Amino acid sequence: MSLKLYRRGEIWHYRGTIGPAEKRCRLGGSCKTGDRDQAARQVAEIEARYWKGCFDGPGSILTFAQAAALFEAAGKPTTFLEPIKDYFKETLVKDITSGTVRTMAIELYGHCSGASRNRLAITPTQSVINFNAESDRCSPIRVKRFKAETKVKVPATLQWVKAFAVEAPAHLGAYALFMFLTGCRPSEALNVRWEDISLNGCTALIRETKVSTERTAHLPTSLVTALANIPRVNDRPVFIYRTYDDMMQLWNATIERAKIPRLTPHCCRHGFATELLRAGVDVVTVAWLGGWSSPAQVFKTYGHALKDRTLTDVLTGTKLTQPILAAVESLEKTA
């Protein structure tokens with residue numbers, strides 16, 4: 001059996017049954033051309049590829065484009081995947097090595113840090129290939145990561161946010177407070193719309209762009225008040241700024257007027273994690289509240305916030321951290 005060409009309107013199509021008896025498969029589709037010779041060549045290539053897959057295994061014919069399509073069809077996150085698909089296109093997965101993935105990362109993101117190359121290029125590529133490896137369509141891959149410098153995050157404090165809000169336009173001040181009190185990423189906060197906000201319920205729906213999920217954040221009373229006092233502007237998002245760049249000029253100008261340390265919007269999210277950890281909230285809960293992918297990530301990124309060698313005094317009872325002191329006072333009151 002083989003594939004047969006037939007014409008539908010001006011375009012050639014193919015259909016038929018192909019393969020050995022135990023693996024027989026019915027195929028069909030459009031050649032997307034009105035030229036019979038080009039259509040016949042396409043069909044011949046399809047048949048040759050199919051037979052090669054039968055004899056040499058699916059890994060011998062799986063392209064990155066096909067692997068990515070299967071990955072997407074399974075509902076897996078596709079963030080950052082488009083540039084990688086454009087780069088590899090019809091490259092066979094079996095020909096993609098750790099070296100070619102690192103080369104791709106440099107060519108696409110040579111201007112970025114090692115950490116960004118890992119996140120934007122290596123992780124998505126490895127996820128697609130290893131997903132297909134789980135179904136025996138190809139071999140798994142391990143890619144050497146780029147060295148990522150660990151930078152100490154400078155967190156915003158509530159005092160900094162309040163000083164910023166005094167000098168900021170209403171929407172910008174509420175934006176900073178929103179990130180500090182919900183742990184929202186800057187881009188996520190910019191995407192919040194009024195239908196995502198429940199002032200009566202004190203909640204906000206956060207669409208987590210980085211991990212492609214959603215979470216519901218609690219809105220403290222002071223944040224509800226700030227949101228209630230900013231005007232709604234036509235069909236714009238809550239904080240009105242269409243892009244990060246649109247907002248940053250105002251952000252920097254506000255810092256100059258307030259005469260406070262120059263911090264980025266992301267520092268408000270850092271402050272959220274840092275203050276919760278200092279208050280004694282466990283790292284698992286902090287990760288859940290702020291939408292981090294894992295407690296390990298929170299600990300690695302924000303562990304510096306608790307670096308105080310004298311904390312070991314708590315072992316002998318000569319020093320009490322604020323959360324422990326509050327617990328002791330509570331017990332004494334009930335005794």
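Trainee: In which sense, left-handed or right-handed, does H11 pass H12?

Mentor: H11 passes H12 in a right-handed crossing, the near helix being turned clockwise from the far one by less than a right angle, where anticlockwise would make it left-handed. This is a predicted model, in which local features need pLDDT of at least 70 and side-chain atom pairs count only at pLDDT 80 or more, while totals for chains, interfaces and linings use all residues. Residues are numbered from 1 along each chain as its sequence is written, and side-chain values use heavy atoms, leaving out hydrogens and water.

Trainee: Why are H11 and H12 called roughly antiparallel?

Mentor: The axes of H11 (residues 266-278) and H12 (residues 283-290) come within 10 Å and cross at roughly 150°; since angles over 145 degrees count as roughly antiparallel, the two helices therefore earn that description.

Trainee: Which residues make the contact between H11 and H12?

Mentor: With contact taken as heavy atoms within 4.5 Å, H11 contributes Arg-269, Phe-272, Ala-273, Leu-276 and Leu-277, and H12 contributes Val-283, Val-286, Leu-289 and Gly-290. These residues divide into seven nonpolar, one polar and one charged; Gly counts as polar and Arg as charged, whereas Ala, Val, Leu and Phe count as nonpolar.

Trainee: What makes E1 and E3 edge strands?

Mentor: The three strands form an open sheet in the order E1-E2-E3, with antiparallel pairing, and E1 (4-8) and E3 (25-30) each pair on one side only.

Trainee: How do you know that E1 pairs with E2?

Mentor: Pairing requires at least two DSSP bridges, and five join E1 to the antiparallel strand E2 (residues 11-18); Tyr-6, for instance, has His-13 in E2 as its bridge partner.

Conventions: Axes are lines fitted to C-alpha atoms, for helices over the stretch in contact, and angles run from 0 to 180 degrees between N-to-C directions. Helices (H or I, at least four residues) and strands (E, at least two) are DSSP runs, numbered from the N terminus. Angles under 35 degrees count as roughly parallel, over 145 as roughly antiparallel, 65 to 115 as roughly perpendicular and the rest as oblique.
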